[in-house]
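Trainee: I have a model open and I'd like to learn how to read it. Could you walk me through it feature by feature?

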Amino acid sequence: MSAVTSENLRPIGTPSEQLVAAARWRWFEFLFWGIAILCGLSMFAPMLGFNVPIIPSKMMLMSEILILGLLALSIDLCLGYAGLVTLGQGAFFGIGAYTAGLLAKHGAGVAPLSDPILGLLAAGLVAGFVGFATSFLVLRGSDLTRLMVTLGVALIVEELVNKLKDITGGSDGLQGVMSSPILGIWEFDLFGKTAFWYTLIVVFVCFWFCRRLVNSSYGYSLRAIKGNALRARAIGVPVNARLIQVYTLAAAIAGIAGGLLAQTTQFASPDMVAFHRSADSLLMVIFGGAGYLYGGLIGSVVFRIMQDFLSNITPQYWLFWVGVVLVLLVLFVRNGIIGLLSAAVSRSKGAGK
Amino acid sequence: MMKRRLLLAGVAAGAFAVPFAGTLASAVAQEVVKIGLIATLTGPQASSGRQKVAGARLFMAQNGDTVAGKKIELIIKDDTGVADQTRRIAQELIVNDKVAFLSGFSLTPLALAVAPVITQAKVPAIIMTAGTSVITERSPYFVRASFTLPQQTIPITEWAAKNGIKTAVSLVSDYGPGIDAQDAFKMGLEARGGKVVEQIKAPLANPEFAAFLQRAKDLKPDALFLFVPAPTAGSLMRQVVDRGISQAGIKVIGTGDITDDDQLNGMGDAVIGLTTSHFYSAAHDSPMNKKFVADFKAANNNLRPNFIGVSGYDGMHLMYEALKKTNGNTDGTALVEAMKGMKLESPRGTFSIDPATRDIVQDVYIRKVERKDGELYNIEFDVVKDVKDPTHK
């Protein structure tokens, strides 16, 4: 799987041919999304008389995994491509969640206002706007300063959510969110089936957009900035403008992820803005491997399934085992799970020759 | 080798338990009734989860796991104290495990998050901790086995007024139950001729109270009223002692949450004499409670039961009695109806479920911290009988 990124590709041809080759969809990408669709289709299996264990009963968990994956994807865009370290993505996630939640709550019954898709767009817009406004702070300083600044923004948002009780419901969370049917047709059900398909489609659209972006010349300019901002500026890349744009875009995507969570769980609480949200999703990116787009998605799948599995076995001590796995992974595996896989593939290819 | 294989089989069985439990149940003649217990077992509220689970398990150990010819299966899940997890777990327990009851809920936000789910699925949920009045109004399927803050607070204002407290400052955690407690305290004290000089709110997720305590101290009231969730009480009380609030002539009073049995021994002699009002003390003088405390300690490595432990125990008791009354019928609406007006004997004394509000009606005791048999206990010296939540209409 040495072809995971374009960086370790060595195709022959003109630069533009190389770009086209790098942007081509590969087999493992079809595999990934194919599995996701199969998981969704498995919900119909009982109707046809098959009995697929576990998966159909875990629709809620799978939607949550996809949503966390989207949040991780937005971090990967910052961290893996533009080299922007952020510890505050949870803030935009929360802003998106509250925007979508408030729209669903107060717009209930008012047809166009309460539509979930409009709610998502609003969530993305509001989060993107806040992202744009705070991006100027992020431009200043280097990695460590950026960690502090993004963390600071997240803490401010968290405290605002806590204090603006009349709007957000404070520590008790936003009550009474009733999601309307999607496009007035598909109702959210207790089994989380609608929620899963809705989430899968939204996540795929966002992913496809990001994939186009990072494989364009724009995306390559981001990688140049990550590689060396000074040189990138010397060859004419408008570094600051690019960083502002990508940070804003990542914020908007995180907002959409938050909106999805609020709509599918019909609830928003200060936990959605909390520090552990940002930290967990950063962990997922590192877990899966930064700079591949798939890293965040795969990281969130593995991370949440591991969490669910361990906490079912030992509800009291599961955090300990999660910690052990994380330490081992960081110690022995470089570039996360994707790094591990691609190393295994290239080794088997080498042996075959 | 044998052992490892067994272990593997166990793990595999655990992983596949969800889809197969249903077939197993129907294969065996005895039907299984599942009860979901959503506790907070990790994070800052972990001690509450531990108590609740221990209480529920103790009731099952004392009374067997068969009710009305059906086998009771308790499914315990950790929600880490995060509301959207509580909600997802509740949904999974209802949809996958087809539980007859949900129970647990260590904080008000966690209980509120499941309200729409249980209403939609018509599954009764027994509240074993969360103490905001409004919860039971959010779904007709909530029944409370714990307490409400106004119910616990009003009796202490009566005591305060009788004991010459004219001015007071309240310091509470800034969330549902805290606001309930501060409002009830102000209402109760001012109705009895006292005055609340200032109401201070501290953030819920903040173990640092120094600045708030200093402000209270500077106001020089007759009394300082405190409420924080029990797992935070230990650190609050240490800071109350450090600030020398009592030495400044300010009487420290509160609901029993701040002298939580689970942590009282660790607070030291400085809390002796602290007066609180609450529905349960491990030192409550009744044969049933003596047995409860002894069995609880024996089963849990000498852990002393607190009000959450007893609520877990009584919550389980409620569910058992409801199943007996419906003769094993697990229809949610029938179960809720069965619990309405139910009157049960408990280690805390007698309690009943108000048929109108599904909230708990119970005796509230006025207690003082004293040293007894070398340990610190809340010793009850006065009681207000059959207290209802005063804020329900």
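Mentor: Sure, we'll go from ground rules to chain A, the core, the interface and a few single residues. This is a predicted model, in which local features need pLDDT of at least 70, side-chain atom pairs count only at pLDDT 80 or more, and totals for chains, interfaces and linings use all residues. Residues are numbered from 1 along each chain as its sequence is written, while chains are lettered from A and ligands numbered from 1 in the order in which they are written.

Trainee: What is the secondary structure of chain A?

Mentor: Helices (H or I, at least four residues) and strands (E, at least two) are DSSP runs, numbered from the N terminus. Chain A has 15 helices and zero strands.

Trainee: How do I read a pair of helices?

Mentor: Fit a line to the C-alpha atoms of each, over the stretch in contact, and take the angle between N-to-C directions, from 0 to 180 degrees. In chain A, the axes of helix H4 (residues 89-106) and helix H6 (residues 143-163) come within 8 Å and cross at roughly 30°. So H4(A) is roughly parallel to H6(A); that label is for angles under 35 degrees, with over 145 roughly antiparallel, 65 to 115 roughly perpendicular and the rest oblique.

Trainee: Which residues of H4(A) and H6(A) meet?

Mentor: Contact means C-beta atoms, placed from the backbone, within 7 Å. Gly90(A), Ala91(A), Gly94(A), Ile95(A) and Tyr98(A) of H4(A) meet Val153(A), Ala154(A), Val157(A) and Val161(A) of H6(A). By class, this contact holds seven nonpolar, two polar and no charged residues. Here Ala, Val, Leu, Ile, Met, Phe, Trp, Tyr, Cys and Pro are nonpolar, Asp, Glu, Lys and Arg charged, and the others, Gly among them, polar.

Trainee: And burial?

Mentor: Count the other C-beta atoms, placed from the backbone, within 10 Å of a residue's own: 20 or more is buried, 12 or fewer exposed, in between partly exposed. Of the 353 residues of chain A, 46% count as buried.

Trainee: How many residues does the largest nonpolar core have?

Mentor: Such a core is a set of buried Ala, Val, Leu, Ile, Met, Phe, Trp, Tyr and Cys residues joined through C-beta atoms within 7 Å. The largest has 205 residues, and those with the most contacts inside it include Leu70(A), Ala257(A) and Leu102(B). Helix H3 (residues 59-81) of chain A gives the most to this core, with 17 residues. Ala257(A) touches Leu70(A) and Phe93(A), among others beyond four places away in sequence.

Trainee: What about the contact between the chains?

Mentor: It takes 30 residues from chain B and 27 residues from chain A. Chain B's side divides into 16 nonpolar, seven polar and seven charged residues.

Trainee: Where should I look for unusual backbone angles?

Mentor: Most residues other than glycine have a negative phi. Lys98(B), not a glycine, has a positive phi of about 50°. Lys98(B) is partly exposed, with 17 other C-beta atoms within 10 Å. Asn301(B), also not a glycine, has a positive phi of about 60°. Asn301(B) sits in the loop between helix H11 (287-299) and helix H12 (307-325) of chain B, and counts as exposed with 7 C-beta neighbours inside 10 Å.

Trainee: Is Pro150(B) buried or exposed?

Mentor: Buried, with 24 C-beta neighbours inside 10 Å. Pro150(B) lies in helix H6 (residues 149-162) of chain B, and its contacts beyond four places in sequence include Ser133(B), Asp180(B) and Thr391(B).

Terms used: Contact = placed C-beta atoms within 7 Å.
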